[in-house]
Amino acid sequence: MNRIIDIFKKNKSKNIGTFVGYITFGVHSIDFTLKAIEVMLKNGVDIIELGVPFSDMVADGAIIRQASLMALSSNVNLEKIFDAIGIIREKFPQNPLVVFSYYNVIFSYGLEKFFKMLEKLDLDGALPVDLPLEERDEILSIMKGKSISYIPLIAPTTSEDRIKKIVSGVENTFIYNININGTTGVRDDLPLDLKDRLKLIKEIAGDIPVVSGFGIQKYSQAKTISNYADGYVIGSKIMKIILEEDEPLVKLKNFVRHIKFGE
């Protein structure tokens, strides 16, 4: 069974986009994080990106950096995430759980050890956000034969030839297209050429699902992306709700339902 492929096939059969939701693990507390993940999965999020706290998050904006520093101040690390995540897997056996991390964290933990832990805990994938194409072969060789998916990213500036190289050699996964230049964060509007960009990536990716993220905060944006890709990723808006709203779990529930169902 590959949960990632299964969830995309299921949503495609219903003609709906797959909702990938990001959360910084350890924000407020590990207990709060587990409750927030449960709220997300019960109310429309299909795939969870488990954000590993890191001190130098060059691809992320102020909101996610704030959440990461909060988690680090409570000494949240990979070991603590691995100790806790079994609770979510037990409650939600069908939903993909993907570890979103800067490569230095994974490398420092130990590459072999990291991927063995993902397999042991029945997690579904790894997204090393800052690992370039030229340096991914080592982890792909370690992952070979394991039931773990490698999830590559495509930047707005990535050339067509490079997209072909990024897509080549990966399987049982999804491709993460970055909507905008710069760091993560909510945006009122998405790029005017995003439709054409997604069409190009979809053509190159073939049967591999494509999702698009960075900047999404509205149902209309998620719906538009779903017309041209297989799904969408939301992180900063989720973390903004968690960090800034009163009754964050209630507001989080309302937000993810609105994004998924238009309620």
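Which residues of the largest nonpolar core touch the most other members? In this predicted model, local features need pLDDT of at least 70 and side-chain atom pairs count only at pLDDT 80 or more, whereas totals for chains, interfaces and linings use all residues. Residues are numbered from 1 along each chain as its sequence is written, and side-chain values use heavy atoms, with hydrogens and water left out.

The residues in question are Phe114 and Met239, which touch the most other members of a core that holds 98 residues. Helix 2 (residues 30–42) gives the most to this core, with seven residues. A nonpolar core is here a set of buried Ala, Val, Leu, Ile, Met, Phe, Trp, Tyr and Cys residues joined through side-chain atoms within 4.5 Å; buried means under 20% relative accessible area, exposed over 50%, and partly exposed in between, with a 1.4 Å probe and protein chains only. Helices (H or I, at least four residues) and strands (E, at least two) are DSSP runs, numbered from the N terminus. In soluble globular proteins, nonpolar side chains tend to be buried together.

Met239 can be followed further into its surroundings. Leaving aside residues up to four places away in sequence, methionine 239 touches Tyr22, Ile23, Thr24, Val27, Ile63, Ile64 and Ala67, where contact means heavy atoms within 4.5 Å. Met239 is one of the buried residues of helix 12 (residues 236–244), together with Ser236, Ile238, Ile241, Ile242 and Leu243. The cover over these buried residues of helix 12 includes strand 1 (18–24), helix 2, helix 3, strand 9 and helix 13.

From the core we turn to the open space. The largest pocket contains about 550 Å³ of space, and of the 24 residues that line this pocket, Asn11, Lys12, Ile16, Ala229 and Asp230 are the closest to its centre. The search runs on a 1 Å grid over the protein atoms alone, and a pocket is an open set of points where a 1.4 Å probe fits, with protein on both sides within 12 Å along at least five of seven lines; lining residues have an atom within 4 Å of a point. Grid points are joined across faces, edges and corners, and the volume is the space filled by probe spheres set on the points. Helix 1 (3–13), helix 11 (219–226) and helix 13 (248–261) each supply at least two residues of the lining, and the largest share, five residues, comes from helix 1. By character, the lining divides into eleven nonpolar, six polar and seven charged residues; Ala, Val, Leu, Ile, Met, Phe, Trp, Tyr, Cys and Pro count as nonpolar, Asp, Glu, Lys and Arg as charged, and the others, Gly among them, as polar.

Charged side chains also pair with one another, and the structure holds 14 salt bridges, each a side-chain nitrogen of Lys or Arg within 4 Å of a carboxyl oxygen of Asp or Glu. One of them joins the side chains of arginine 3 and aspartate 124 at 2.8 Å, N to O. Because arginine 3 lies in helix 1 and aspartate 124 in the loop between helix 7 (111–120) and strand 4 (125–128), this pair ties together parts that are 121 residues apart in sequence. Both arginine 3 and aspartate 124 are buried.

Aspartate 230, already met in the pocket lining, forms a salt bridge with lysine 202 at 2.7 Å, N to O. Aspartate 230 lies in the loop between helix 11 and strand 9 (231–234) and lysine 202 in helix 10 (residues 194–205), so the pair ties together parts that are 28 residues apart in sequence. Aspartate 230 counts as buried at 17% relative accessibility, while lysine 202, at 24%, counts as partly exposed. Salt bridges that share partners also join Arg3, Arg89, Asp122 and Asp124 into one network.

A more local pairing is found in helix 9. The side chains of lysine 164 and glutamate 160 meet in a salt bridge of 3.9 Å, N to O, and both residues lie in helix 9 (residues 160–167), four residues apart, about one turn of the helix. Lysine 164 is partly exposed, with a relative accessible area of 41%, and glutamate 160 is likewise partly exposed, at 39%.

Two asparagines in loops close the tour. Asparagine 15, in the loop between helix 1 and strand 1, has a positive phi of about 60° although it is not a glycine, and it is exposed, with a relative accessible area of 69%. Asparagine 172, in the loop between helix 9 and strand 7 (175–178), has a positive phi of about 50° and is partly exposed, with a relative accessible area of 42%.
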